[in-house]
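Good morning, and thank you for coming. Please look at the sequence and the structure, which I shall now show.

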Amino acid sequence: MIEEGKPLFVQIAEQVEDSIVDGSVAEETQAPSTNELAAFYRINPATAAKGVNMLVDKGVLYKRRGIGMFVAAGARDLLLKERRNDFALRYVQPLLAEARRIGLEPDDVASLIRAGVEPVTP
Amino acid sequence: MDSVIEVRNLTKRYKDVLALDDVGFDIQRDTIYGFLGRNGAGKTTAMSILTAQNLPTSGQVRVFGEDPYENARVLSRMCFVRESQKYPDDATPRHALASARLFFPQWDQELADDLVEEFQLPLKRTIKKLSRGQLSAVGVIIGLASRAEITFFDEPYLGLDAVARQIFYDRLLTDYAEHPRTVLLSSHLIDEVSNLIERVLVIDAGRIIMDESTEDARAQATNVVGDTAAVERALRGREVIHRESLGRVASVTFVGRLDAAERDALAAAGLDLAPVSLQQLIVRLTQQRTPGRDAFAAEAQEGSLR
């Protein structure tokens, strides 16, 4: 779950974002606390706090005094928009780079994608 | 910055070895440190001096702003879990825990009882007859339950199996989250503790060679793999700390950061970039010298000048 290379607090923030994007933590419900994240991912609480603060700065989480962190209204749309914007960079470009290396044209890639979406007929 | 420990120009000389060589550092309040380095690098000597169990040859140590030596006010706020703690011959874990309870004002008996059960520690057996792992468990339990404002764990895991070590790490994190305090954790199992520690203090041959946040330390080095000539061209002028090669492929670790443009250029040259784990980084940084050798060399040189 935890990999080298990306700062740990960024990975923690992404894990929380994942649970908002897939709907398992709904908007206006309580998000996991810093200490819960630290215990679950077995990381230093200061690192977990940094990840949570990053999400607060981004407007994904907000603090209700005396209760804890909550998922902001509109957080899911915000994250979906961000991920759709990043999609080409993160997934399509590496895909096309590998295609070029092995001699596949963009059209070939497109038909492979279509074939992948369609159910395989025996 | 809020420091609980301040060390300046600390030197410790044993007969023929310079164990600490003009060392200076601060320890921040409520932070978990990894205190890392090879055997003989000076970790235990430093911790012994900080807890007034040993005297420096020269230099200053301040703990909570005071000299810790024979200072009960300061010593009761610190707990030093030694790797080779000595107990009286007929002592049992029950005795050890009872005296710790008397000594540490913040002692939590409930936590101690929980941990005894979790580590399945036989309380009535004499400590002499405990296994190495059970002996380590005694130290770990005292270190956690003391809730001392500064706790030193000197290789607390010896003889503990993977399950018991995980219990220790988990309990340390949850108890630290509820009762923040300063912890110095000395360990050779760097991969195991790298996510627990907020700052890294690395000592090598009696000198501090790294004192920074774990996050910055992690981002410090990068590994580049690819055609030897291309790698060498790409890394010209960089501080290389390790080189390996297999046929025409080289794997080189260097210290320094790359910006996005540099990353793209390396990728375009067909080179693969890989992060370097904290353990790899510290191994690379401390393997360049044999521990103690520099101290001996310095000593010999000094002798010849006399």
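**Two helices and a strand of chain B**

Helix α4 (residues 109–118) and helix α6 (residues 162–178) of chain B pack at an angle of about 160°, and α4(B) and α6(B) are therefore roughly antiparallel to each other, a term for angles over 145 degrees. Their axes, lines fitted to C-alpha atoms over the stretch in contact, lie 12 Å apart. The contact, meaning heavy atoms within 4.5 Å, involves L111(B), D114(B), L115(B) and E118(B) from α4(B), and I167(B), R171(B) and D175(B) from α6(B).

I should add that this is a predicted model, in which local features need pLDDT of at least 70 and side-chain atom pairs count only at pLDDT 80 or more, while totals for chains, interfaces and linings use all residues. Residues are numbered from 1 along each chain as its sequence is written, chains are lettered from A and ligands numbered from 1 in the order in which they are written, and side-chain values use heavy atoms, without hydrogens and water.

Helices here are DSSP runs of H or I with at least four residues, and strands are runs of E with at least two, numbered from the N terminus.

Let us turn to strand β6(B), residues 150–154. Five of its five residues are buried, that is, under 20% relative accessible area with a 1.4 Å probe, protein chains only. I150(B), F152(B) and D154(B) lie on one side, T151(B) and F153(B) on the other.

Which strand do five bridges join to β6(B)? It is β7(B), residues 182–186, and the two run parallel. Within β7(B), S186(B) is the bridge partner of D154(B).

How values were computed. Buried < 20%, exposed > 50% of the residue type's maximum accessible area, 1.4 Å probe, protein only. Pairing = 2+ DSSP bridges. Axes fitted to C-alpha atoms, helices over the stretch in contact; angles between N-to-C directions. Parallel < 35°, antiparallel > 145°, perpendicular 65-115°, else oblique.
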